[in-house]
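Visitor: I would like a close look at one part of this structure, its nonpolar core. Please set out the cut-offs as you go.

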Amino acid sequence: MYNLIDSGEGRKLEQFGPYIIDRPASQAVWPKRLPHLTWKQADARLVREGEGSRWEWNRLPENFEMTFQGIKFGLRATDFGHLGVFPEHGQLWEWAKEKLSPGTTLLNLFAYSGGMTLAAAKVGAQVCHLDASKGMVSWARENAAINHLEKAPIRWIIDDVTKFLRREITRGRRYDAIILDPPTFGRGAQGELFKIEEDVVPLLQLCKELLSEKPLFVVLSCHTPGFTPLVLSHLLQEVIGCQKIENGELFLPGELPLPSGCYARGLFR
Ligand SMILES: C[S@@+](CC[C@H](N)C(=O)[O-])C[C@H]1O[C@@H](n2cnc3c(N)ncnc32)[C@H](O)[C@@H]1O
């Protein structure tokens with residue numbers, strides 16, 4: 001299970017399975033609710049250092065597992081400070097599961113450790129999972145295996161998003177649903193630079209060309225400051241041509257949910 005135990009003073013205290021982790025959270029500008037003693041019980045603590053971060057202490061085992069929304073995740077404390085799951089996306093997985101059905105085709109871009117891919121595979125969707133990082137794609141495949149989904153119809157792709165989408169268009173492939181969670185700044189498989197401000201519109205134009213004749217939905221989410229729910233909605237409306245759009249904030253679930261990005265989802269039926 002996952003739970004946001006407390007947040008405040010620029011930090012968040014989270015429970016990942018049996019372990020408690022204290023990490024930076026710049027959006028948590030309010031006072032902490034729980035006493036110092038509770039925070040001190042964390043098994044690992046991440047501190048900011050220059051542009052990056054480092055584990056100040058880490059009593060976590062090298063690998064451990066957590067079940068979140070019915071999906072098992074293999075977790076580990078990475079040098080980048082992430083654990084292998086972004087629980088704020090859980091609400092989108094649940095929503096997508098209700099819309100998808102056996103045989104529906106889903107393109108999952110910037111797919112990371114596979115939360116959305118595995119949620120969709122569980123309801124029988126055919127998924128194309130793309131990430132530029134070889135390490136992340138093998139991590140997602142390990143997650144598929146521990147969920148007994150290694151034989152599910154999932155195409156695992158390690159590629160730069162733009163290059164892959166152009167090739168898919170040429171190949172004539174089409175998808176009923178597309179989910180994309182672009183980073184503010186990222187690198188493709190061959191070091192190609194991705195900057196959300198410059199690249200999100202061309203990316204959505206490519207996505208539009210990849211939609212099937214009777215598409216289901218496009219979901220756009222991100223964690224970039226300034227990309228509010230309305231900004232994401234306008235992108236879906238103006239670039240993809242979505243008419244029916246829902247939007248909102250992503251948040252880490254707990255007693256005091258912590259805002260962690262925004263989403264917009266355009267529905268076609
Ligand atoms: C913040 S994560 C996405 C989180 C994910 N959507 C989830 O549900 O947990 C961003 C991912 O984008 C990938 N990425 C960054 N730049 C990329 C690019 N140019 N092409 C493909 N993937 C890229 C990274 O390897 C990383 O796994």
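Visitor: What percentage of the contacts in the chain with a separation of 6 or more do residues 24 or more positions apart account for?

Guide: Residues are numbered from 1 along each chain as its sequence is written. The model is predicted, so local features need pLDDT of at least 70 and side-chain atom pairs count only at pLDDT 80 or more, while totals for chains, interfaces and linings use all residues.

Of the contacts in the chain with a separation of 6 or more (C-beta atoms, placed from the backbone, within 7 Å), 56% join residues 24 or more positions apart. The chain has 7 helices and 16 strands (DSSP runs numbered from the N terminus, helices being H or I of at least four residues and strands E of at least two). Its radius of gyration, taken over C-alpha atoms, is 18 Å, close to the 18 Å that the globule rule (2.2 Å times the number of residues to the power 0.38) gives for 269 residues, so the chain is as compact as a globular protein of that length. Along the principal axes, the C-alpha atoms fill a box of roughly 55 × 40 × 35 Å.

Of the 269 residues, 41% count as buried, that is, with 20 or more other C-beta atoms within 10 Å of their own. In soluble globular proteins, nonpolar side chains tend to be buried together. Here the largest nonpolar core (buried Ala, Val, Leu, Ile, Met, Phe, Trp, Tyr and Cys joined through C-beta atoms within 7 Å) holds 75 residues, of which Leu106, Ala120, Ile178, Ile179, Val218, Leu220 and Leu236 touch the most other members. At least three residues of this core come from each of domain 1 (2-63) and domain 2 (86-267), with bounds taken from an automatic or database domain assignment. To look at one of those members, Ala120 is in contact with Ala96, Leu100, Leu106, Ala125 and Val127, once its neighbours within four places in sequence are left aside.

As for the two domains that contribute to the core, their centres, taken over C-alpha atoms, are separated by 27 Å, and 9 residues of domain 1 are in contact with 7 residues of domain 2. On the domain 1 side of this junction, strand S1 (residues 2-8) gives the most, with 5 residues. By class, that side has 5 nonpolar, 3 polar and 1 charged residues, where Ala, Val, Leu, Ile, Met, Phe, Trp, Tyr, Cys and Pro count as nonpolar, Asp, Glu, Lys and Arg as charged, and the others, Gly among them, as polar.

Methods: A residue is buried if 20 or more other C-beta atoms lie within 10 Å of its own, exposed if 12 or fewer, and partly exposed in between; C-beta atoms are placed from the backbone. Two residues are in contact if their C-beta atoms, placed from the backbone, lie within 7 Å.
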